[in-house]
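Subject: Structure handover

Hello,

Here is the structure for you to take over. Please open it alongside this message.

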Amino acid sequence: MTDEGRRSVGVVGAGLAGTSAALGFAEAGFDVTLYSDKDRESLRDKVPPTGVGVLFGKSREWDAEIIEDIYDVGNTSGISVRLHSGSGEDRTDVLEFNPDYGYVAQAVDLRLRADDRLGRFLDQGGRFEVGSVDVDRLDEIAGSHDLTLVATGKGGLSALFPVDGSRTHYREPQRKLLQVTLTGLDHGPDAFAYRSSAGGNHSLFNLDSENGEIFVGPFLHKDAGATWSFIVFAKPDGAWVPTIDEVDDAVSARAAILDIFTRYFPHDAPVIERLAVIESDPVSWLTGAVTPTVRHAVSTTRGGHVVAAIGDTAIAVDPVAGQGAQNTLIQVAELVRAAKAHDGAFGADWLEAEFEKHWQRRGRAAVEVTRLYLGDPDYATHLELSFPAAAVDTNVASALFGLLSEPNPLLTLTSREDVLGFITAVSGEPADDVLGRFEPAGRFGSAADRVAS
Ligand SMILES: Cc1cc2nc3c(=O)[nH]c(=O)nc-3n(C[C@H](O)[C@H](O)[C@H](O)COP(=O)(O)OP(=O)(O)OC[C@H]3O[C@@H](n4cnc5c(N)ncnc54)[C@H](O)[C@@H]3O)c2cc1C
């Protein structure tokens, strides 16, 4: 508590979670200090973005509780999905669909989002202390604040929070990741027009049953503006991993993307070839992997002070279903709201109860929808039924991608009958009739066809 009677909050780590919490708590009347291992310039210009951070629909409502929407580039209304299977002569174009989401998805450079939050926090007189926080310093911070939040991402101080084995499904990464942002194509109607009449209003999602997935989406880069963000999700035993392993700068990241498109998605390759690296941003790329992990989000420091984890420190998911940043913002917005309304101390019981509410509200569903999109064997039936149905009925396709915005309905689909019932309800006709109309795509439309015509 400060001399003026304001309750104090220490936030450690200035990524999306930390800057959102710092701004949210400051605006709610708390006295906030944000601790970061990097200064403001380094956070914005010297590190890659932690991820693409697409906010799919509903999470934007929570985000608006922290800061109003100040971005008008990077907004999309749907997605063009294509599934391929087999290799060599047996490779086939299996199915495609192009649903409107029914919501707006927004892809803004996480470094820009975090910097805008940090700037506003500083304008309000928020304190920003630069220096790596170790366990002793954390103990001091926790001892001198009413509430201390740890937002140091997947590494950092996360080891203070034990892994919750009952909520953690994997012991190792499920995908090897490559992320890069490229420039040279605007977001207008001609972008990928052979895929969808929506052009730059739709993202692309290419699935290869053996090797993984690629997401391509309109993106607001912090300096270059309207650009395209790529994420390769390579299956650990698939053929794309050696290509990703070669990447060590933006130029080789672009080369790896072009190589994978040329060999596996030739329909799109002529467009990808036109894209270039962003010269002003040598760290516009990253490679890595996430071990999906849920932690006990409340812990105590050496001196016995309570600390709580937010963002990736609490729940880290593979990015294939775009849940991490969304989950973070929902956790932070709800925590600010609850803390503002709470009169007592922020003890372990209160913090644990709040994390439990977050787990039930969103965390668990975020984990499960990620397992669905990873193709976890527990969801084999869901995928076997819903993808062909989506190819036949656009309402099913929208509902499938509606789960990225609101994943909770997935928790109610536990059996084959549930999934068939879902398809029936969404399509308005018996699921068997929908599935009976499915036919393999044959051959997808291609950028080369378009150039030729
Ligand atoms: C390839 C990829 C694509 C993604 N796409 C999406 C998507 O489309 N949608 C979505 O919702 N999510 C997505 N995500 C997830 C999203 O990026 C993360 O969930 C989110 O950025 C996590 O933010 P954070 O603040 O918790 O962690 P971080 O961004 O890792 O921030 C942690 C901060 O703490 C600092 N720090 C670390 N240790 C210390 C210390 N000891 N002392 C002080 N500071 C410290 C770090 O320097 C860093 O600034 C994606 C992730 C990846 C990898």
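The notes below cover domains, cavities, a pocket, some strand pairing and one residue in a strand.

The model is predicted.

Domains

The domain assignment gives the chain three entries: domain 1 (8-56 + 109-170 + 291-372), domain 2 (77-108 + 177-287) and domain 3 (377-436). Between the C-alpha centres of domain 1 and domain 3 the distance is 34 Å. Domain 1 puts 14 residues into the contact with domain 3, which puts in 12 residues.

Cavities

Searching the whole structure turns up four cavities of 30 Å³ or more. The largest holds about 110 Å³ of space. Its lining consists of 14 residues, and those nearest the centre are Q331, L335, L351, E354 and F355. Three elements give two or more residues to this lining: β17 (306-309), α9 (324-341) and α10 (348-373). Of these, α10 supplies the largest share, five residues. By class, the lining of the largest cavity has nine nonpolar, two polar and three charged residues.

The second largest cavity has a volume of about 80 Å³. It is lined by 14 residues, with H169, Y170, P292, V317 and V367 closest to its centre. Here the elements that give two or more residues are β15 (293-294) and α10. Helix α10 again gives the most, this time with three residues. The lining of the second largest cavity divides into seven nonpolar, four polar and three charged residues.

Pocket

For the second largest pocket, the space comes to about 240 Å³. Of its 14 lining residues, L83, L207, E213, G375 and L383 lie nearest the centre. Two or more residues of the lining come from each of β10 (202-208), β11 (212-221), α10 and α11 (380-392). The lining of this pocket is made up of seven nonpolar, three polar and four charged residues.

Strand pairing around β17

Besides lending residues to the lining of the largest cavity, strand β17 pairs with β8 and with β16, as follows. Strand β8 (residues 147-150) runs parallel to β17 and is joined to it by two bridges. In that pairing, L149 has A308 of β17 as its bridge partner. Strand β16 (residues 298-300) runs antiparallel to β17, with three bridges between them. On this side, S299 stands opposite V307 in β17. β16 and β17 form a hairpin with five residues between the two strands. In the turn of that hairpin, G304 has a positive phi of about 85°.

V180

V180 sits in strand β9 (residues 176-183). Is V180 buried or exposed? Its relative accessibility is 0%, so V180 counts as buried, the cut-off for buried being under 20%. Leaving out neighbours within four places in sequence, the residues in contact with V180 are W228, S229, F230, A253, I257, S284 and W285. One of these contacts, S284, is 104 residues away from V180 in sequence, while the C-alpha to C-alpha distance between the two is 5.7 Å.

Regards

Key:
Residues numbered from 1 in each chain as written. Predicted model: local features only at pLDDT ≥ 70, side-chain atom pairs only at ≥ 80, totals over all residues. Heavy atoms only, no water. 1 Å grid on protein atoms, 1.4 Å probe; cavity = no way out; pocket = protein on both sides within 12 Å on 5 of 7 lines; lining within 4 Å. Points joined across faces, edges and corners; volume = space filled by probe spheres on them. Helix = DSSP H or I, 4+ residues; strand = E, 2+ residues; numbered from the N terminus. Nonpolar A, V, L, I, M, F, W, Y, C, P; charged D, E, K, R; others polar. Pairing = 2+ DSSP bridges. Buried < 20%, exposed > 50% of the residue type's maximum accessible area, 1.4 Å probe, protein only. Contact = heavy atoms within 4.5 Å. Domains from an automatic or database assignment.
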